[in-house]
Amino acid sequence: MALLGVDIGGTKIAVAVANDQGELLDQDRFMVATTSSPEQALDRVAEMARDLSARQQNPLRHIGIGSPGPFHNGTLDRPANLPGWHGVDLARSLSRRLDCPATLQNDATAAAIGEWMFGRGQHTKHLAYITVSTGVGAGFVLNGRPYGGPHGNAAEIGHIVLDPKGPQCNCGLTGCLESMASGTAMGRVGNQRRQESAYLSKPRAATTIRAEDVIAGWQEGDPVCTQIVDDVARHLGHGLAILVNLVNPERIVLGGGVMHAGEPLLEKIRHWTAIYSMPTLFRETELILSGLGGDTGLVGAVAVAMVGRQE
Ligand SMILES: [Zn+2]
């Protein structure tokens, strides 16, 4: 029997079939923009799932779905990243189309479950996963079980307000962690300070500075880029310290595009987390980089299927 993982994103939807041990056997994907409605996109998912499981000659046993939220009673509740999908019940829709049980988790929780089962969160009972990418998100596995609160929306670390006088956030508040420490924020500050920086003001093909440019400038020793990266690390450390004090996970796994900057960035984040959290609790929490790479979403969705199948 096979498991199906469905990783729903604002830009693309990826579908993978996996064996009982959760190993990915085959996968396919499409751009959301090539479909005209959620119904059509879900038809496409079902079609891909049938093709993939037929190729494996293996009937589907359980579907795991990772999707951006928020949710209310299992349906999407005005999701910012999926305009037009309000009210869609993803688990029920796919379960009906494929005649197979389905389990839904928000994408960050799915990634946390993926890290816990297959990545660098293995052998822990209390794990937090943080993604630092376009936004800042988190997912929890607590007491050996995924934790998403009553509707699957818990762990919104990106929208903890750290500075009420800070920059405007997409959520409507100001000074959220995400507005100061995401890849988007890093790029925005890079653009604002472009003329001060020898590295960023160099002529280049891209007209807009992105997080990757700031990170590259920091790696080349540019003082302005270094300061931007230090500020981001300090804000992330502040956010993680709140997590350390509140939840005291055994391990925090950090992933997402910005964390491709690797151990030197993690070291800065660790430094500020230590400063802002209670020493005893900080000592009990290990901060490490994700090892799943670009497959985090699909691995997470398959892990959701594995946990869902056992329930
Ligand atoms: Zn916010």
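Two residues are in contact if their C-beta atoms, placed from the backbone, lie within 7 Å. The exercises below use a predicted model.

**Exercise 1. What share of the contacts in the protein with a separation of 6 or more comes from residues 24 or more positions apart?**

Solution.
- Take the contacts with a separation of 6 or more.
- Pick out those between residues 24 or more positions apart.
- They account for 64% of that set.

**Exercise 2. Describe the protein as a whole.**

Solution.
- Start with the elements: there are 10 helices and 12 strands.
- Next, compare radii. The radius of gyration is 20 Å, and the globule rule gives 19 Å for 311 residues. The two values are close, so the protein is as compact as a globular protein of that length.
- Then take the extent. The C-alpha trace spans about 60 × 45 × 35 Å along its principal axes.
- Finish with burial. A residue is buried if 20 or more other C-beta atoms lie within 10 Å of its own. By that count, 49% of the 311 residues are buried.

**Exercise 3. In what order do the 5 strands of the open sheet lie, and which are the edge strands?**

Solution.
- The order is 3-2-1-4-7, with mixed pairing.
- Strand 3 (24–31) and strand 7 (102–106) are the edges, as each pairs on one side only.
- Neighbouring strands are turned by 15 degrees against each other on average, direction ignored.

**Exercise 4. Walk across the sheet from strand 2 to strand 7. Give the sense of each pairing and one facing pair of residues.**

Solution.
- Strand 2 (residues 12–18) to strand 1 (residues 2–8): antiparallel, with 6 bridges. Glycine 5 stands opposite alanine 16 of strand 2.
- Strand 1 to strand 4: parallel, over 6 bridges. Here leucine 3 faces histidine 62 of strand 4.
- Strand 4 to strand 7: parallel, with 5 bridges. Isoleucine 63 is opposite alanine 102 in strand 7.

**Exercise 5. Is strand 4 mostly covered or mostly open?**

Solution.
- Count its buried residues: 7 of 8.
- Strand 4 is therefore mostly covered, on the cut-off of 20 or more other C-beta atoms within 10 Å for each buried residue.

**Exercise 6. Which strands does helix 1 lie across, and which does helix 3 touch?**

Solution.
- Helix 1 (residues 38–55) lies across strand 1, strand 2, strand 3 and strand 4 (60–67). Its angle to strand 2 is about 25 degrees.
- Helix 3 (residues 107–118) also packs on the sheet, touching strand 4 and strand 7. The direction of helix 3 makes about 105 degrees with that of strand 7.

Definitions and conventions
Residues are numbered from 1 along each chain as its sequence is written. This is a predicted model: local features need pLDDT of at least 70, side-chain atom pairs count only at pLDDT 80 or more; totals for chains, interfaces and linings use all residues. Two strands pair if DSSP finds at least two bridges between them. Helices (H or I, at least four residues) and strands (E, at least two) are DSSP runs, numbered from the N terminus. Axes are lines fitted to C-alpha atoms, for helices over the stretch in contact, and angles run from 0 to 180 degrees between N-to-C directions. The radius of gyration is taken over C-alpha atoms; the globule rule is 2.2 Å times the number of residues to the power 0.38. A residue is buried if 20 or more other C-beta atoms lie within 10 Å of its own, exposed if 12 or fewer, and partly exposed in between; C-beta atoms are placed from the backbone.
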